[in-house]
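Q: I have never looked at this structure before, and I would like to learn how its features are read. Could we go through them one at a time?
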Amino acid sequence: MRITCPHCGARDAQEFTYLGAADPQRPDGMAATEAAMVDYVYLRDNPAGPHRELWYHGAGCHAWLVVTRDTRTHAIASVEPAKARKAGAAA
Amino acid sequence: MSGQPFRLTSGGLIDRGRTLDFSFDGKSYQGHAGDTLASALLANGVRLVGRSFKYHRPRGVLSAGPEEPNALVELRTGARREPNTRATVVELFDGLEAASQNRWPSLAFDLLSLNGLVSPALVAGFYYKTFMWPAAFWEKLYEPLIRRAAGLGRAAGAEDPDHYEKAFAFCDVLVIGGGPAGLAAALAAGRSGARVILCDEDFRLGGRLLAEKREIDGKPASEWLAATLAELASLPDVRIMPRTTIFGLYDHGIYGAVERVSDHLPEPAPHQPRQRGWRIYAKRAILAAGALERPIVFSGNDAPGVMLAGAARTYVNRYGALPGRETVLFTAGDDGWATARDIASAGGQVAAIVDSRPEADAGRKALADKLGARLFAGGAVEGTSGGRQLDGVTIREASGATASVACDLLAVSNGWNPTLHLTSHQNDKPVWDDGLHCFVPGSLPAGLSVAGSAAGRFTLAQALEDGARLGREAAADAGLTPAGAGPVPATDPETNGLQPVWRVKGAKGKAFVDYQNDVTDKDVELAAREGFRPVEHLKRYTTLGMATDQGKTSNLAGLAVVAEQTGRTIPQTGTTTFRPPYTPVAIGALAGHHRGKDFRLTRLAPTHDWSREQGAVFVESGQWLRAQYYPKPGENDWLTTVNREVLAVRSGVGICDVSTLGKIDIQGTDAAEFLERVYINGWKALPVGKARYGLMLREDGFVMDDGTTSRLGESHFLMTTTTANAGKVMQHLEFCHQVLWPELDVRLVSVSEQWAQASIAGPKARETLRGVVDSAHDISNEAFPYLAVREITVGGGIPARLFRISFSGELAYELAVPADYGDAMMRALMRAGAPFGITPYGTEALGVMRVEKGHVAGNELSGQTTARDLGLGKVMSSKKDYIGRLMAGRPALIEKDRPSFVGFKPVDPAQRLRAGAHFIGIGKATVMENDEGYMTSVAYSPHLKHWMGLGLIKGGAARIGERVRAYDPVRNGDIVVEICSPVFVDPEGARLHG
């Protein structure tokens with residue numbers, strides 16, 4: 001696979017580390033129930049189709065990226081810095 | 001030439017002026033430059049080249065290409081010996097040594113061919129049916145027996161003396177295959193200015209043009225070929241890579257290739273790799289891999305002398321070798337007739353032509369007459385005779401009568417299968433074409449198009465037309481302006497009528513579907529009767545198509561037999577999915593230089609040279625080499641050395657490199673807030689100029705890492721991590737910052753490699769330091785107390801950082817200087833400490849002293865321990881949220897009974913402790929239910945003069961004073977230990993603050 005890093009351009013997937021789904025939001029540990037945190041830490045969907053997921057460009061710019069990838073074909077629809085996404089959502 | 005009785009006196013693409021000596025099974029032969037091993041053996045009249053996998057049947061050369069299932073040989077000798085190489089693609093070189101496989105004691109007389117007599121026991125699924133029980137017999141009896149009887153070639157058994165490379169290439173258009181379609185495509189794309197890479201597995205470009213007598217634009221095809229190659233060579237952005245197989249198609253236009261750089265040489269030239277594994281990134285690719293000819297299933301179809309008709313033509317036309325003197329052609333279509341024609345024109349006899357189609361037209365009748373061949377229209381070959389060398393065939397005529405014809409070559413023609421393997425590497429399925437009687441590419445992977453025979457467009461005219469059109473298209477897709485379309489060259493007329501014959505039923509002998517795995521039509525029928533009808537089941541039950549040739553000549557015949565058996569069509573029966581690699585790839589080509597110690601990089605501390613001069617023994621710690629201990633002359637075991645180093649630190653002063661610890665620079669107005677969220681303890685109150693121990697958890701509540709973090713300024717911290725976890729922690733912090741809390745004003749950068757750092761420990765540490773720290777800086781106990789941190793200068797103005805922190809429990813400092821000064825720092829410290837007997841110490845002594853002080857380290861931070869387990873529960877802040885806080889409070893993680901951290905000492909001080917020993921109550925049975933925990937770390941304390949241990953045991957500190965067994969069945973250890981405080985030396989910490 002190749003991932004087009006917004007900072008570094010198209011790079012081989014070997015430069016990146018996969019984490020998992022991008023959308024689960026970390027609950028506030030002081031307010032959340034244990035069940036909510038268990039859900040955040042362990043439970044993930046396994047979709048056949050578009051999947052928003054986190055990749056870390058460890059052998060490049062160290063950016064955490066949100067990659068939208070079709071799990072059936074590996075076609076990548078978009079790549080954006082995780083940081084920008086969160087900032088955009090807050091604004 | 002007399003030595004090569006089947007060599008033609010002229011013709012072909014071999015260089016008769018260059019004679020090459022080679023040997024097969026110890027006997028010497030000669031061939032010519034341009035030969036393959038197979039063509040040279042045939043030219044010498046060697047027909048029997050191997051024994052089959054299961055029945056040890058004699059086998060000869062079937063094909064002239066990569067699909068070869070029979071002519072598998074061991075190539076070379078000694079450490080370069082390589083099994084299962086296909087003689088049909090081995091380029092002949094002077095001095096080549098090859099040996100047949102699967103025979104004992106000799107190829108001609110093979111005792112295990114008796115397997116053929118007991119063959120009823122070896123039918124489909126016999127592994128599953130015969131060797132059922134007892135299970136223990138598998139390892140001891142069945143498997144060794146089967147391996148000896150049914151093995152393939154032998155591996156070298158010695159380390160490969162050659163090296164391999166990995167390489168990367170980028171292009172606009174990748175052309176896979178250098179036949180007419182591929183060359184036309186490369187030319188069209190190249191003329192458009194595209195960066196083109198053309199790969200061909202052969203050592204000579206041209207594909208089938210090399211094997212056929214064809215005309216292009218009214219001239220021999222060789223002229224078109226020469227002109228095309230010359231023009232391609234003149235285009236600066238076209239790269240031609242012969243001897244290079246594209247073996248896999250991966251996501252996003254990445255192609256795997258292996259280039260056989262030196263396989264055609266006795267051994268690689270100096271500084272040249274044997275093979276090179278390529279990863280090619282192509283915007284577009286054109287598959288022009290041609291087609292593979294199909295055999296027919298009939299009794300005795302594996303006798304040496306039965307050959308694919310296209311291959312026979314290749315040996316005659318390309319290699320100038322007659323594969324037989326008396327030929328019978330068995331064909332299901334027009335294409336086979338070209339073989340009869342070419343053999344005759346080269347001087348061979350064609351005894352008979354068996355065309356399975358009922359009617360032969362006038363033209364073919366006339367050709368048979370001209371060749372002097374008996375014509376059997378509507379007939380079929382139903383048997384062969386001759387054993388080790390074909391000597392005749394039995395033909396069933398259209399009338400039902402049978403006829404015998406003597407021959408030493410049976411050329412078989414049953415149409416061709418497109419070489420579409422790469423099109424299905426991304427899960428796209430081929431589709432059946434009723435008109436062409438073969439599978440053709442269905443949906444295609446993004447960026448790939450298919451030209452010529454690989455697309456089922458089998459004529460030369462179609463190949464040239466496809467190549468030119470798709471080459472221009474690919475260039476346009478890659479963003480270039482395609483060159484104008486010239487006229488497609490005209491070709492001589494050709495027909496490709498075909499009515500395939502999948503098998504000829506009726507005769508008694510074995511009829512092979514899969515030659516390499518010895519699967520017969522009866523095996524396939526049996527499997528279908530037993531219910532293994534889905535093609536994937538059939539394949540695994542019979543092993544059809546599972547040999548190293550991956551069923552290139554057998555998959556379709558297998559499907560056809562099942563289809564016939566079950567009354568379905570071939571497409572209803574299914575197709576198998578092709579996966580990479582297309583042909584076998586040596587692991588070496590994939591590994592490149594990443595083997596042995598080069599498997600991963602080795603990192604050296606900036607003080608490495610100094611340590612080596614001091615006689616250090618090094619140990620791997622993650623990627624780093626760290627000094628383990630520094631033996632002195634006369635010290636014959638490591639413990640003597642380590643004891644000396646520990647005592648020297650505790651009584652005087654020692655220095656130890658700690659440069660390998662992870663160092664992360666954290667800056668920003670929210671830096672303290674950030675640390676609050678990643679560490680379990682508090683950071684906002686830490687004053688500037690102070691260090692603090694920090695412990696971080698994973699989000700699941702288990703301990704991730706620990707270290708000291710110093711506040712260098714109001715918004716500036718320096719975190720240290722353990723050596724092994726430096727990368728992981730950096731990634732974790734980046735995650736926390738970028739994904740969880742991007743709103744925090746904080747920046748992180750790894751500075752692990754920017755600083756060299758040394759620990760200076762022992763009662764004389766301060767006096768030693770005084771000798772290197774510039775006099776302007778006051779490092780007295782009052783001015784620079786325990787846990788103080790300051791930016792200072794050393795050696796007359798060199799910037800440095802001084803930390804008063806201690807892992808050993810002694811008065812200790814860590815001094816950091818820019819990495820390039822690391823070597824100088826160690827030498828300066830040695831000079832300054834000389835009056836106090838300064839002693840270098842390594843990670844072993846460091847480990848002894850940390851056990852003496854009860855500090856946790858890697859063995860305790862195992863990923864399965866919580867802060868509470870390690871006795872650090874009181875450090876966990878209850879006032880703030882931090883990573884892992886909530887999950888660390890889960891009931892199972894705060895259970896009273898969880899094994900927790902304490903010390904252990906042997907009741908008999910002479911006894912040695914062992915890490916990994918499990919704790920069992922005295923008098924209790926040594927069973928899992930009685931397991932109370934285990935010893936994580938042990939060390940011998942030269943201070944206490946006995947062994948001491950750290951470990952995790954149920955009940956933990958509440959049980960101090962109790963005795964338990966430390967049970968270590970692996971090393972026959974079973975001793976009584978007393979549970980004690982984990983701090984063995986100076987529990988008050990008086991030394992630390994001195």
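Q: How many residues does each chain give to the contact between chain A and chain B?
A: Contact here means heavy atoms within 4.5 Å, and by that rule 32 residues from chain A and 32 residues from chain B take part. This is a predicted model, in which local features need pLDDT of at least 70 and side-chain atom pairs count only at pLDDT 80 or more, while totals for chains, interfaces and linings use all residues. Residues are numbered from 1 along each chain as its sequence is written, chains are lettered from A and ligands numbered from 1 in the order in which they are written, and side-chain values use heavy atoms, with hydrogens and water left out.

Q: What area is buried between chain A and chain B?
A: The size of an interface is often given as the accessible area lost when the parts come together. Here about 2700 Å² is buried between chain A and chain B, with carbon and sulfur atoms giving 56% of that area; the value is the accessible area (1.4 Å probe) that the two parts lose on being put together, summed over both.

Q: How many salt bridges cross this interface?
A: A salt bridge is a side-chain nitrogen of Lys or Arg within 4 Å of a carboxyl oxygen of Asp or Glu. The rule finds three across the interface of chain A and chain B, and the side chains of Asp12(A) and Arg279(B) meet in a salt bridge with an N to O distance of 2.9 Å.

Q: In which order do strands 21, 22 and 23 of chain B lie in their sheet?
A: Strands (E, at least two residues) and helices (H or I, at least four) are DSSP runs, numbered from the N terminus, and two strands pair if DSSP finds at least two bridges between them. In chain B the three strands form an open sheet in the order 21-22-23, with antiparallel pairing. Strand 21 (380–385) and strand 23 (402–406) of chain B stand at the edges with a single partner strand each, so one side of each is left without a neighbour in the sheet. Strand 21 and strand 22 (residues 392–396) of chain B pair over five bridges, and Val393(B) in strand 22 is the bridge partner of Thr384(B).

Q: Which backbone features should I look for in the loops of chain B?
A: A cis peptide bond, with omega of about 0 degrees, joins Pro580(B) and Pro581(B), and Pro581(B) is found in the loop between helix 13 (570–573) and helix 14 (587–591) of chain B. Arg243(B), although not a glycine, has a positive phi of about 55 degrees, and its place is in the loop between strand 12 (238–241) and strand 13 (244–250) of chain B.
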